[in-house]
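Good morning, colleagues, and thank you for making time for this presentation. Please keep the sequence and the structure in view as I speak.

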Amino acid sequence: MGDVTLVRDFPDTTWADNGPTRAVENVVESGAVLRFPHLRFTMMETELRFLDPRWADGKAKNISLRWPAGEMRGAAGNPTELAALKAMITRYADFAEAFALRLFPHYRGHLQRGNTSFRPVDVAGRATSWRKDDTRLHVDAFPSNPMHGTRLLRVFCNVNPSGRPREWRVGEPFEAHAKRYLPAIKPPLPGSAWLMERTGVTKRRRTEYDHVMLQLHDRAKADAAFQQGSPQARLNFAPGTTWVVFSDQVLHAAMGGQHMMEQTFYLDVAHQQDPGASPRGTLERLLGRELR
Ligand SMILES: [Fe+2]
């Protein structure tokens, strides 16, 4: 068995600027999971009612806010209730952003706020296909949403009220993972990126980088021997725990749990402290050439 993704614990008890952990860009860029076992998102008495799957409208697995407007998707309720729900999720977005800028001050001015989501629905039994099955180890990459190398930084918090952990598996480091599948990955078919963009299959051009990342995502999820036999570790995040990862780099699988907050940020790879440590940098080093 090879190495698995490292978990680093930090003692922070506050989201605010006076917490102890700061300038840990090198830790997150190395592909570690940053875990804060004593950093809870406190819900107000009037918000505890939202810890119920009935607030999800049934079509989406998440209730989410889309920025910059903060438009809410996936929720069902009357206008007063929806306003209170939105206020709670917005508070999490603000906390997570202040926290991320303290942990990663060099990203200030470059960290772009992506969706904020609240997941009141149980992880178990929601997958509709192997490709969407997040109980299989994978790095995040999306068929319709090419990232062009932009990083996906995520701040999660378990808000389960009954002591249930969020159960993850984490896998091998990104470089080992890339080496496993890279030799078998063929270049995209000529004209396919143009065609997919033209027909709306992708929101923008799927670059060679996006092609390789999506291949890694798909090949890992489709490979039963890899899922069962590759280096991996179980990781439980108790309620009141926050954790931070680059989810396009850390091999992860969500095995169980209910009630979670999640904030996504985008970061241009050029604004990392060490762009060479990114998936793009790693893939280009292994290939010995630039990815277009
Ligand atoms: Fe994922």
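Leaving aside its neighbours within four places in sequence, with which residues is Gly-240 in contact? Before I answer, I should state that this is a predicted model. The contacts of Gly-240, with those close neighbours set aside, are Phe-36, Pro-37, His-38, Leu-39, Arg-40 and Asn-158. The glycine itself lies in the loop that joins strand S8 (233-237) to strand S9 (242-246). Is Gly-240 buried or exposed? Its relative accessible area is 5% and the cut-off for buried is under 20%, so Gly-240 counts as buried. Arg-54, by comparison, is separated from Gly-240 by 186 residues in sequence, and the two C-alpha atoms are 23 Å apart in space.

I turn next to the metal site. Which protein residues serve as donors to the iron ion? They are His-138 and His-252, each through NE2, and Asp-140 through OD, at 2.1 to 2.2 Å from the iron ion. Along the sequence, the spacing of these donor residues reads H-x1-D-x111-H. Asp-140 and His-252 thus join distant parts of the chain, being 112 residues apart. Asp-140 belongs to the loop between strand S5 (112-119) and strand S6 (151-158), whereas His-252 is in strand S10 (residues 252-256). Both Asp-140 and His-252 are buried.

The next topic is helix packing, which involves three helices. In general, a packed pair of helices is described by the angle between the axes and the distance between them. I shall take the pairs in turn.

Helix H3 (residues 174-181) packs against helix H7 (residues 279-287) at an angle of about 45°, and their axes are 10 Å apart. This angle makes H3 oblique to H7. The crossing of these two helices, H3 and H7, is right-handed. On the H3 side the contact involves Phe-174, Glu-175, Ala-178 and Lys-179, and on the H7 side Pro-279, Thr-282, Leu-283, Arg-285 and Leu-286. By class, the residues of this contact are five nonpolar, one polar and three charged.

How are H3 and H5 arranged with respect to each other? The angle between H3 and H5 is about 85°, with the axes 10 Å apart. Angles of 65 to 115 degrees count as roughly perpendicular, and H3 and H5 are therefore roughly perpendicular to each other. H3 contributes Phe-174, His-177, Ala-178 and Tyr-181 to the contact, while H5 contributes Met-213, Leu-216, Arg-219 and Ala-220. Six of the residues in the contact of H3 with H5 are nonpolar, one is polar and one is charged.

The remaining pair is H5 and H7, which pack at an angle of about 95° with their axes 11 Å apart. H5 is accordingly roughly perpendicular to H7. Here Tyr-209, Val-212, Met-213 and Leu-216 of H5 meet Pro-279, Arg-280 and Leu-283 of H7. The contact of H5 with H7 comprises six nonpolar residues, no polar residues and one charged residue.

Let me stay with H7 for a moment. Which residues in H7 are buried? They are Pro-279, Arg-280, Gly-281, Thr-282, Leu-283 and Glu-284. The elements that cover the buried residues of H7 include S6, H3 and helix H5 (208-222). Just after H7, Gly-288 has a positive phi of about 70°.

Finally, I would draw your attention to some points of backbone geometry. Between Trp-67 and Pro-68 the peptide bond is cis, with omega near 10°. Pro-68 sits in the loop between strand S3 (63-66) and strand S4 (71-73).

Ala-23 is not a glycine, yet its phi is positive, at about 55°. This alanine, Ala-23, lies in the loop between strand S1 (7-9) and helix H1 (25-29). Its relative accessibility is 40%, and Ala-23 therefore counts as partly exposed.

His-259, again a residue other than glycine, has a positive phi near 80°. The loop that holds His-259 runs between S10 and strand S11 (260-267). Is His-259 buried or exposed? With a relative accessibility of 5%, His-259 counts as buried.

That concludes the presentation, and I thank you for your attention.

Key:
Residues are numbered from 1 along each chain as its sequence is written. This is a predicted model: local features need pLDDT of at least 70, side-chain atom pairs count only at pLDDT 80 or more; totals for chains, interfaces and linings use all residues. Side-chain values use heavy atoms; hydrogens and water are left out. Axes are lines fitted to C-alpha atoms, for helices over the stretch in contact, and angles run from 0 to 180 degrees between N-to-C directions. Helices (H or I, at least four residues) and strands (E, at least two) are DSSP runs, numbered from the N terminus. Angles under 35 degrees count as roughly parallel, over 145 as roughly antiparallel, 65 to 115 as roughly perpendicular and the rest as oblique. A crossing is left-handed if the near helix is turned anticlockwise from the far one by less than a right angle, and right-handed if clockwise. Contact means heavy atoms within 4.5 Å. Ala, Val, Leu, Ile, Met, Phe, Trp, Tyr, Cys and Pro count as nonpolar, Asp, Glu, Lys and Arg as charged, and the others, Gly among them, as polar. Donors are N, O and S atoms within 2.8 Å of the metal (3.2 Å for Na, K and Ca); water is not among the atoms, so sites may look incomplete. Buried means under 20% relative accessible area, exposed over 50%, partly exposed in between (1.4 Å probe, protein chains only).
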